[in-house]
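Here are my notes for someone opening this one for the first time. Have the viewer ready and click along as you read.

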Amino acid sequence: MLLTVSFISIFLGACLQSSIGIGFSIIAVPSIIFLFGIDIAIPLLLALNFIVSLFSIDYRNILKRDKLIIYAIFGCSIGVILGIWLYGSLSEKQILTLISVLMLSGILTVLTDIQLKISPWVFAMLFFVIGVSAVWTAVPGPLMAFALLASGKSADEVSVSIQPLALIVYGLSLLFHLNLNPNFDLNNSEFYILIIMVIAGAILGQRFRIKMSNKIKSRAIITLSTVSAMIIFTRVLNL
């Protein structure tokens, strides 16, 4: 029974992330830990997030995205590389404190309906910080969503624009963790089942993305990001 519930939650998490741009890690973490243990939770989450993003990208319009996304891709890529280099130099508490502050700032910005005039290079720097944090947490989605919303993008645009950014962040971070944790084995039957579940969820989520209103997406992003911020902040207090 618990196994079935775990697979369903992973499927729903993939569906949610594909439809609004975030949510997989928040929904799937308990199930991942239950099925595989906490030691391999981060690399496994990175792998599954990578697959979700891969099947959630709007490939027909990917080249039509604005230049701001190009700066974001550049920033987060350099950030992940620096995060890999700094891994072990910074404490988990330092990284999680930075993430929780940024997320709470993002929540306040969106709730107060403040639209920031962010220059491309400032935007790249923000995604640089997001890239650094992704190496530690595997949950950069809410930060990316808030940055995109604060720049003036609608929730509809965020749900599409965030996918290629997430693909790069998760992909680079995954390569690092695979090298760091040689005991993490992707070649097993359980992982193949999870792949099927997340692919099916991502494909279904794309259909929901088209039908969901901008208002519903915006509320879902704020709600899930607030939950994620509370979880991270609680973790900081317990360190």
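Leaving aside neighbours within four places in sequence, which residues is Q17 in contact with? Keep that in mind; the reply comes at point 3.

1. **What you are looking at.** This is a predicted model, so please read everything below as computed from that prediction. The protein chain has ten helices and zero strands. Going along from the N terminus, the elements simply run α-α-α-α-α-α-α-α-α-α.

2. **The chain as a whole.** Of the 239 residues in the protein chain, buried ones make up 48%. Take the contacts between residues at least 6 apart in sequence: 83% of them join residues at least 24 apart.

3. **Q17, and the reply to the opening question.** Q17 sits in helix α1, which covers residues 2–20. Beyond its neighbours within four places in sequence, Q17 is in contact with I22, G23, F24, S25, N49, V52, S53, Q163 and Y170. Its relative accessible area is 3%, and because buried means under 20%, Q17 counts as buried.

4. **I22, in the loop.** Move on to the loop between α1 and α2, where you will find I22. Being in a loop does not put I22 on the outside: with a relative accessible area of 2%, I22 is buried. Apart from neighbours within four places in sequence, its contacts are L16, Q17, G141, P142, A145, I162, I221, L224 and S225. Try drawing a line from I22 to Q163 as well: the two are 141 residues apart in sequence, yet their C-alpha atoms are 9.1 Å apart in space.

5. **The cavity.** How many cavities of 30 Å³ or more does a search of the whole structure find? The search turns up one. The largest cavity has a volume of about 50 Å³. Ten residues line the largest cavity, and the closest to its centre are Q17, G23, S25, G141 and P142. The elements that give two or more residues to this lining are α2 (24–36) and α7 (141–150), and α2 gives the most, with three. By type, the lining residues divide into six nonpolar, four polar and no charged.

6. **The nonpolar core.** In soluble globular proteins, nonpolar side chains tend to be buried together. Here the largest nonpolar core has 57 residues, and F24 and F127 are those with the most contacts inside it. Helix α8 (residues 155–180) gives the most to this core, with nine residues. If you centre on F127 and skip residues up to four places away in sequence, you should see F127 touching A72, G75, C76, M144, A147, L148 and L165.

7. **Helix α10, end to end.** Is the span of α10 what you would expect from its residue count, or what else does the arithmetic give? At 1.5 Å a residue, the 25 residues of α10 should span 36 Å, and the end C-alpha atoms are 36 Å apart, which agrees. The buried residues in α10 are K217, I221, I222, L224, S225, S228, A229, I232 and V236. Three of the names there, I221, L224 and S225, also appear among the contacts of I22.

8. **Two residues of α10 to compare.** N214 lies in helix α10 (residues 214–238), and so does K217. Are they buried, partly exposed or exposed? N214 has 30% relative accessibility and counts as partly exposed, whereas K217, at 2%, counts as buried. Leaving aside neighbours within four places in sequence, N214 is in contact with S154, A155 and D156. With the same neighbours left aside, K217 is in contact with S19, I20, A155, D156, S159, R209 and M212. N214 and S154 are 60 residues apart in sequence, and their C-alpha atoms are 7.0 Å apart.

9. **One on the outside.** Finish with I196 in helix α9 (residues 189–211). Its relative accessible area is 58%, and since exposed means over 50%, I196 is exposed. I196 and F11 are 185 residues apart in sequence and 8.9 Å apart in space, C-alpha to C-alpha.

Key. Residues numbered from 1 in each chain as written. Predicted model: local features only at pLDDT ≥ 70, side-chain atom pairs only at ≥ 80, totals over all residues. Heavy atoms only, no water. Helix = DSSP H or I, 4+ residues; strand = E, 2+ residues; numbered from the N terminus. Buried < 20%, exposed > 50% of the residue type's maximum accessible area, 1.4 Å probe, protein only. Contact = heavy atoms within 4.5 Å. Core = buried A, V, L, I, M, F, W, Y, C linked by side-chain atoms within 4.5 Å. Expected span 1.5 Å × (residues − 1). 1 Å grid on protein atoms, 1.4 Å probe; cavity = no way out; pocket = protein on both sides within 12 Å on 5 of 7 lines; lining within 4 Å. Points joined across faces, edges and corners; volume = space filled by probe spheres on them. Nonpolar A, V, L, I, M, F, W, Y, C, P; charged D, E, K, R; others polar.
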